[in-house]
Amino acid sequence: MKIFVTRIIPSGAVATLQEAGITVDQWQEKRNIGHQELIDICKKYDGLISVGQDLIDRSFLQSCRHLKVIAQMAVGFDNIDVEEATRLGIPIGNTPGVLSKATADTAFLLMMAVSRKAMYMNHKIMRGEWGFYEPTADLGIELHGKTLGIFGLGKIGLEMARLCQGAYGMKIIYCNRNHNPEAENATGARKVNFEELLAFSDVLSVHTALTAQTKGIFNRQAFDQMKKTAIFINTARGSIHNEEDLIEAMRQGSIWGCGLDVTNPEPMQPDNPLLDMPTAVILPHIGSATQQTRAAMAAIAAENILACRKGEPLPYPVNPELYKP
Ligand code: GLV
């Protein structure tokens, strides 16, 4: 079996595959592979480990219908036309669970950094502006006892809820299609509708998947319904918020601050106005970027490949319906 990997990934997973007799080739260049280029490359392989946001759309899948497996090294799979893959009988895997804590840590980091204007204050030092002490200048806001609103309370949202409750005794509300009894028992989280989430959250943290329903849902109208003192956090996907509307909401003071680990587009351009705002903190999509988590994600991608080679169902399938009789 020959596998192509679209980035260099942690070596442990590569070794596991090689020890099983699988040939593994990794893309070595520091640029995204073009769509047709990836199709041409995949012609020579039996399986693909997709890392990042490779566009695995209908035309890719139709041209690469020979692939026996596509293992996504991420939990999100909005870059993949799963319906078409299922129609063509191609199993798709992802890496759920192992990145929940690291991603929630990133959301928590953003929340704290925004609440104390941490990046802006750090930049002031670099600009030589650590000058006269003014007790009323550049003040942050406290998080103790505030309400955390979670949009999309799954594994990552639950970890964020736990962190915020443990650190600051925050009350948890959430907006989901379905109830999350585990989260309700663990944190006392209360399910609310979208309008209530907007109206009552002091910190609103997005942890949902990008779908046709969630795309652009945080728009001008949504920001206008939030508290003027609220902090908006997005560590899920940049397209869930409308970035022009977010910039406008920040400029007009419709919300107090924002922390983004995901932007729209990615990469964010260096002249984006959010980068200069005191109460905005932007990170370059590093939610799962710890040594331990990236190694665990690569290991799961390798497990998915190994299962396919043995002719078994993927242990972490995105389209499990393939295995139903
Ligand atoms: C990262 O964005 C992921 O989906 O794992």
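The exercises below work through the ligand site, two sheets and two buried residues of a predicted model.

**Exercise 1. The ligand shell**

Task: List the residues that surround the ligand and sort them by class.

Step 1. The residues around the ligand are Ala-74, Val-75, Gly-76, Leu-99, Arg-237 and His-285.

Step 2. Sorted by class, this shell holds three nonpolar, two polar and one charged residues. Ala, Val and Leu count as nonpolar, Arg counts as charged, and Gly counts as polar.

**Exercise 2. Polar atoms at the ligand**

Task: Find what lies at 2.7 Å or 2.8 Å from an oxygen atom of the ligand in Val-75, Arg-237 and His-285, then state how much of the ligand the protein covers.

Step 1. For Val-75 the partner is a polar backbone atom, 2.7 Å from a ligand oxygen.

Step 2. For Arg-237 the partner is an N or O atom of the side chain, and the distance to an oxygen of the ligand is 2.8 Å.

Step 3. His-285 also supplies a side-chain N or O atom, at 2.7 Å from a ligand oxygen.

Step 4. On its own the ligand has 190 Å² of accessible area, and the protein covers 83% of it.

**Exercise 3. The five-stranded sheet**

Task: Give the strand order of the sheet that contains E4 and name its edge strands.

Step 1. The order is E2-E1-E3-E4-E5, in an open sheet of five strands with parallel pairing.

Step 2. E2 (23-26) and E5 each pair on one side only, and these are the edge strands.

**Exercise 4. Strand E4 and its neighbours**

Task: Describe how the side chains of E4 point, how E4 pairs with E3 and E5, and how the chain connects these strands.

Step 1. In a regular strand, side chains alternate between the two faces of the sheet. In E4 (residues 69-72), Val-69 and Ala-71 point one way, while Ile-70 and Gln-72 point the other way. All four of these residues are buried.

Step 2. On the E3 side, E3 (residues 47-50) runs parallel to E4 and is joined to it by four bridges. Ser-50 is placed opposite Gln-72 of E4.

Step 3. On the E5 side, two bridges connect E4 to E5 (residues 92-93), again in parallel. Here Ala-71 faces Gly-93, and Ile-70 faces Ile-92.

Step 4. The connection from the E3 side is a right-handed β-α-β unit made of E3, helix H3 (residues 58-63) and E4. From E4 the chain continues through helix H4 (residues 82-88) to E5, in a β-α-β crossover that is right-handed.

**Exercise 5. The seven-stranded sheet**

Task: Order the strands of the sheet that contains E11, name the edges, and follow the pairing of E6 with E7.

Step 1. Seven strands make up this open sheet, in the order E8-E7-E6-E9-E10-E11-E12, and the pairing is parallel.

Step 2. The edges are E8 (190-191) and E12 (280-282), each of which pairs on one side only.

Step 3. E6 (residues 147-151) is paired with E7 (residues 171-175) in the parallel sense by five bridges. One bridge pair consists of Ile-150 and Tyr-174, the latter in E7.

**Exercise 6. Strand E11 and its neighbours**

Task: Repeat the analysis of Exercise 4 for E11, with E10 and E12 as partners.

Step 1. Gly-257 and Gly-259 point to one side of E11 and Cys-258 and Leu-260 to the other, and all are buried.

Step 2. E10 (residues 231-234) is joined to E11 by four bridges and runs parallel to it. Asn-234 has Leu-260 of E11 opposite.

Step 3. The path from E10 to E11 passes through H11, and this β-α-β crossover is right-handed.

Step 4. With E12, E11 forms three bridges in the parallel sense. Leu-260 stands opposite Ile-282 of E12.

**Exercise 7. Two accessibility assignments**

Task: Decide whether Val-203 and Ser-254 are buried or exposed, then place each in the structure.

Step 1. The cut-off for buried is under 20% relative accessible area. Val-203 counts as buried because its relative accessibility is 1%. Ser-254 is at 7%, so Ser-254 is buried as well.

Step 2. Val-203 belongs to strand E9 (residues 203-206). Its C-alpha atom is 14 Å from that of Ala-104, a residue 99 positions away along the chain.

Step 3. Ser-254 sits in the loop between helix H11 (243-252) and strand E11 (257-260). Its side chain makes a polar contact of 3.3 Å with the side chain of Arg-220 and another of 3.5 Å with that of Asp-224.

Key:
Residues are numbered from 1 along each chain as its sequence is written. This is a predicted model: local features need pLDDT of at least 70, side-chain atom pairs count only at pLDDT 80 or more; totals for chains, interfaces and linings use all residues. Side-chain values use heavy atoms; hydrogens and water are left out. A residue is near a molecule or strand if one of its heavy atoms lies within 4 Å of it. A polar contact is a pair of N or O atoms within 3.5 Å; within protein, one must be able to donate a hydrogen and the other to accept it, and residues adjacent in sequence count only if both atoms are side-chain atoms. Accessible areas come from the Shrake-Rupley method with a 1.4 Å probe; for residues, only the protein chains shown count as cover. Buried means under 20% relative accessible area, exposed over 50%, partly exposed in between (1.4 Å probe, protein chains only). Two strands pair if DSSP finds at least two bridges between them. A crossover is right-handed if, with the strands pointing away from the viewer, the path from the first strand over the helix to the second runs clockwise.
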